[in-house]
Each structure stands twice: as structure tokens, then as C-alpha cells.
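Subject: Structure handover and what was found in it

Hello,

I am passing on the structure we talked about, so please open it beside this message and follow along as you read. After the display I go through what was found, one topic at a time.

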Amino acid sequence: THFDSAGQAHMVDVSTKDVTTREATAEGCVLMTADTLALAQGGAAKGDVLGVARLAGIMAAKRTSDLIPLCHPLPLSRVALDLRPDDELPGIRVTATVRTTGRTGVEMEALTAVSVACLTIYDMLKAAQKSMRIDAIRLLAKSGGKSGDYRAEP
């Protein structure tokens, strides 16, 4: 849908789509050692890792159309990030939920929020562990719009 009849990239015309409430949730994780995870929960040299990563994710969702070609700029009504330390990984699980009322979905905004939050975690902890791995970024769910609801397989 992002190519015209001549094969040229273009922004999709959403002007005829219905305005509906649209929501998307994405997840990802940053894998690290238990020692690095302990730093992430307090004591990192750069400060509040989880708080800064949460803000970075929110800011990224709001700027998605500046980062991803052909994404529509959207008025977001909600961007929420949940960053949970997980001793079993070990690492941090990042979940972002984004909502708008509009003519196109917010999947890219949710995925961008997770990606940038994970990158921020890496940036803030890289002095302690350069071998951290960002993993499993994916869309968990979306609702609203013509294509209906989607739920990822567990």
C-alpha cells in the first residue's frame, strides 16, 4: 500500500477511512547480566535508567513520523510505557501502549517507543556491559480500524 501504480513510494491516503479509536501494544526486552540488572534498578552512573528510558519511549512515539518514512503524523492521546526488571531473563521487559482517535493505526508508534526505550537502556548501561542484547521487539496487539483486532501468539 505504500507504492503507487508506477512503483514509487508514497504516503497512503487515509482521508476516506473512518475515524476510530485505535490502540497498539508492543514489547521488547534488553538482556543483560544480573549485575547489570541490579545497576539498572538503582546505582547506574548515568542516573535513573528506567525513568529516562520511559521518557525516551514517550518522546519517540510522538516523533515516529519524523523517523519512519511514510508514517502519518498522529495526535496521540496516550503513550504509556511499562519497564519491568525480570530476574529470570535477566533483563528488562519493555511494553508500550499507544492510543489515538484517527484514520490510521498506531502500531509504528508503539514499536518505535519500545525500540527507543530499549536503546536508551543500552546507552545508560553500556559502560557496565557492552554485550547487552536488545531482543524480541514485536507487536502484541492492535485494535480499531478496518483490519480489526490483532493479538500476537504467546
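Before anything else, a word on naming: helices (H or I, at least four residues) and strands (E, at least two) are DSSP runs, and they are numbered from the N terminus. In that sense Asp123 lies in helix 4, a helix that will come up several times below. Please also keep in mind that this is a predicted model.

Overall layout

The protein chain holds four helices and five strands, and if you read along the sequence they follow the pattern β-α-α-α-β-β-α-β-β. Taken along the principal axes, the C-alpha atoms fill a box of roughly 50 × 30 × 25 Å. Of the 154 residues in the chain, 37% count as buried. Among the contacts between residues at least 6 apart in sequence, 70% join residues that are at least 24 apart.

The sheet

As general background, strands of a sheet pair through backbone hydrogen bonds, either parallel or antiparallel. Here the five strands form an open sheet in the order 2-3-1-4-5, and the pairing is antiparallel. Strand 2 and strand 5 (150–151) are the edge strands, each of which pairs on one side only.

Going through some of the pairs, strand 1 and strand 3 are joined in the antiparallel sense over twelve bridges, and Glu23 has Arg99 in strand 3 as its bridge partner. Strand 1 also pairs with strand 4, again in the antiparallel sense, over eight bridges, and there Leu31 has Arg133 in strand 4 as its partner. Strand 4 and strand 5 pair in the antiparallel sense over two bridges, where the partner of Ala141 is Arg151 in strand 5. The hairpin of strand 4 and strand 5 has six residues between the strands, and in this hairpin Gly144 takes a positive phi near 95°.

Helix 4 lies across strand 1, strand 2, strand 3 and strand 4 (133–143), and it runs at about 25° to strand 1.

The nonpolar core

Which residues have the most contacts inside the largest nonpolar core? That core has 29 residues, and those with the most contacts inside it are Met32, Leu81, Leu83, Ile92, Val94, Ile121 and Leu125. At least two core residues are supplied by each of strand 1 (20–31), helix 1 (34–40), helix 2 (49–62), strand 2 (76–86), strand 3 (91–102) and helix 4 (107–125). Helix 4 gives the most to this core, with eight residues.

To see what surrounds one of these residues, you could select Leu81: leaving aside its neighbours within four places in sequence, Leu81 is in contact with Ala53, Arg54, Gly57, Ile58, Val94, Thr95, Ala96, Ala113 and Ala117.

Two residues of helix 4

Thr120 and Asp123 both deserve a look. Thr120 lies in helix 4, and it counts as buried because its relative accessible area is 13%, below the 20% cut-off for that class. Not counting residues up to four places away in sequence, Thr120 touches Val52, Ala53 and Ala56.

Asp123, by contrast, counts as partly exposed, because its relative accessibility is 32% and so falls between the limits of 20% and 50%. The side chain of Asp123 makes a polar contact with the side chain of Lys126, at 2.4 Å. Asp123 and Ser143 are 20 residues apart in sequence, and their C-alpha atoms are 32 Å apart in space.

The cysteines

Why does a search of the whole structure find zero disulfides? A disulfide is a covalent bond between the sulfur atoms of two cysteines, and in this work the two sulfur atoms have to lie within 2.5 Å. The sulfur of Cys71 has its closest cysteine sulfur in Cys118, 18 Å away, which is too far for a bond. The sulfur of Cys118 has its closest cysteine sulfur in Cys29, and that distance of 7.0 Å is also too far for a bond. Both Cys71, with a relative accessible area of 14%, and Cys118, at 0% relative accessibility, count as buried.

Best wishes

Terms used:
Residues numbered from 1 in each chain as written. Predicted model: local features only at pLDDT ≥ 70, side-chain atom pairs only at ≥ 80, totals over all residues. Heavy atoms only, no water. Core = buried A, V, L, I, M, F, W, Y, C linked by side-chain atoms within 4.5 Å. Buried < 20%, exposed > 50% of the residue type's maximum accessible area, 1.4 Å probe, protein only. Contact = heavy atoms within 4.5 Å. Polar contact = N/O pair within 3.5 Å; in protein donor to acceptor, adjacent residues only side chain to side chain. Pairing = 2+ DSSP bridges. Axes fitted to C-alpha atoms, helices over the stretch in contact; angles between N-to-C directions.
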